[in-house]
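I opened my notebook to look up where the ligand sits and what surrounds it. The sequence and the model come first, and my entries come after.

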Amino acid sequence: MSDRVQPPRVLGTPRIHFSRTDSTNERARELAARGAPHGTLVTAGEQTAGRGRQGRTWTAPPASAILCSLVIREPPRLLPLAAGVAVAEVVGPEARVKWPNDVLVDGRKLAGILVEGRPQQRWAVLGIGLNVAVREHDFPPELRDRAGTMGLGPEAVEPTLERLLERLELWLREPQSAVLEALRTRDALAGRHVRWGGGEGEAAGIDGEGRLVVMTDAGRAALEAGEVHLVGA
Ligand code: BTN
């Protein structure tokens with residue numbers, strides 16, 4: 001047992017739950033813009049217009065996934081990366097993080113994270129979708145070889161959310177160096193050939209600013225944001 005005194009948990013209070021809504025990120029953004037406190041949590045049993053990164057959609061059958069968004073005030077600079085580490089911990093030791101924050105097991109994506117913010121107003125919404133109890137055959141055919149699930153029952157969704165809030169609380173307080181160290185131990189891209197909008201090369205780790213380092217024919221590149229694709233995966 002730790003003898004360190006933990007500050008009380010603030011993530012998850014207040015909580016607004018919708019059995020069905022368009023997007024928890026949309027609901028949380030509205031609440032944030034109206035002054036909702038840090039830690040406000042929006043959850044949904046089902047989303048009709050769940051948003052993913054790069055303009056994609058995010059879908060999950062009802063009551064089978066964590067679909068949540070948190071209002072984060074004064075967000076840490078590495079919020080998207082820290083969230084990836086927290087989600088990976090909840091999934092288990094086998095989970096890897098594909099920079100910046102896709103959580104994978106055996107190359108299949110179980111969780112996605114979408115951070116949307118208003119930097120001028122110093123808030124962000126941290127949206128997380130985690131396939132806790134989605135069944136393999138529920139994935140649309142085009143995703144079946146790329147999407148993953150924790151493979152638990154629907155009764156595990158709520159306890160898994162509790163654990164996620166606990167891990168997020170911890171990782172959002174950790175210094176940048178600790179977040180990066182944890183991320184490096186789960187780096188799904190290290191040594192792999194990757195391609196992105198601006199080129200391709202071999203992923204060579206994550207630097208001290210949280211950027212993905214790639215060795216290309218033209219030299220060393222450090223990607224700030226965006227998405228990379230594994231080549232030959
Ligand atoms: C990704 O494309 O990897 C990010 C997916 C993020 C999905 C979650 S589900 C809960 C929250 N509400 C949304 O509309 N999107 C995020």
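The entries below go from the ligand to the pockets.

**Before starting.** I note that this is a predicted model, in which local features need pLDDT of at least 70 and side-chain atom pairs count only at pLDDT 80 or more, while totals for chains, interfaces and linings use all residues. Residues are numbered from 1 along each chain as its sequence is written, and side-chain values use heavy atoms, with hydrogens and water left out.

**Entry 1, the ligand's neighbours.** I looked up the residues around the ligand (near means that a heavy atom of the residue lies within 4 Å of it) and found 20, of which S23, Q47, R51, R53 and K109 come nearest. By class, I sorted this shell into six nonpolar, 10 polar and four charged residues, where Ala, Val, Leu, Ile, Met, Phe, Trp, Tyr, Cys and Pro count as nonpolar, Asp, Glu, Lys and Arg as charged, and the others, Gly among them, as polar. The elements that each supply at least two shell residues are α1 (24-33), β3 (66-73), β6 (108-118) and β7 (123-130), and β6 has the largest share, with four.

**Entry 2, atom pairs.** Next I looked up N or O atoms of the protein and the ligand within 3.5 Å of each other. A polar side-chain atom of K109 is 2.6 Å from an oxygen atom of the ligand, and a polar backbone atom of R53 also lies 2.6 Å from a ligand oxygen. For N25, a backbone N or O atom is 3.4 Å from a nitrogen atom of the ligand. Taken alone, the ligand exposes 410 Å², and the protein buries 99% of that (Shrake-Rupley method, 1.4 Å probe).

**Entry 3, the largest pocket.** I then asked which pocket the ligand takes up, and the space is that of the largest pocket. The volume of this pocket is about 1,100 Å³. Among the 48 residues that line the largest pocket, W58, D102, K109, L143 and R146 are the closest to its centre. I counted the lining by class as 19 nonpolar, 15 polar and 14 charged residues, and β6 gives the largest share, four residues.

**Entry 4, the second largest pocket.** Here I wrote down a volume of about 360 Å³. This pocket is lined by 18 residues, and P80, L81, P100, E224 and A225 are the closest to its centre. Both α2 (79-91) and β6 give two or more residues to this lining, with β6 giving the most, three residues.

Note on methods
Polar contact = N/O pair within 3.5 Å; in protein donor to acceptor, adjacent residues only side chain to side chain. 1 Å grid on protein atoms, 1.4 Å probe; cavity = no way out; pocket = protein on both sides within 12 Å on 5 of 7 lines; lining within 4 Å. Sits in = over half its atoms within 2 Å of the grid points. Points joined across faces, edges and corners; volume = space filled by probe spheres on them.
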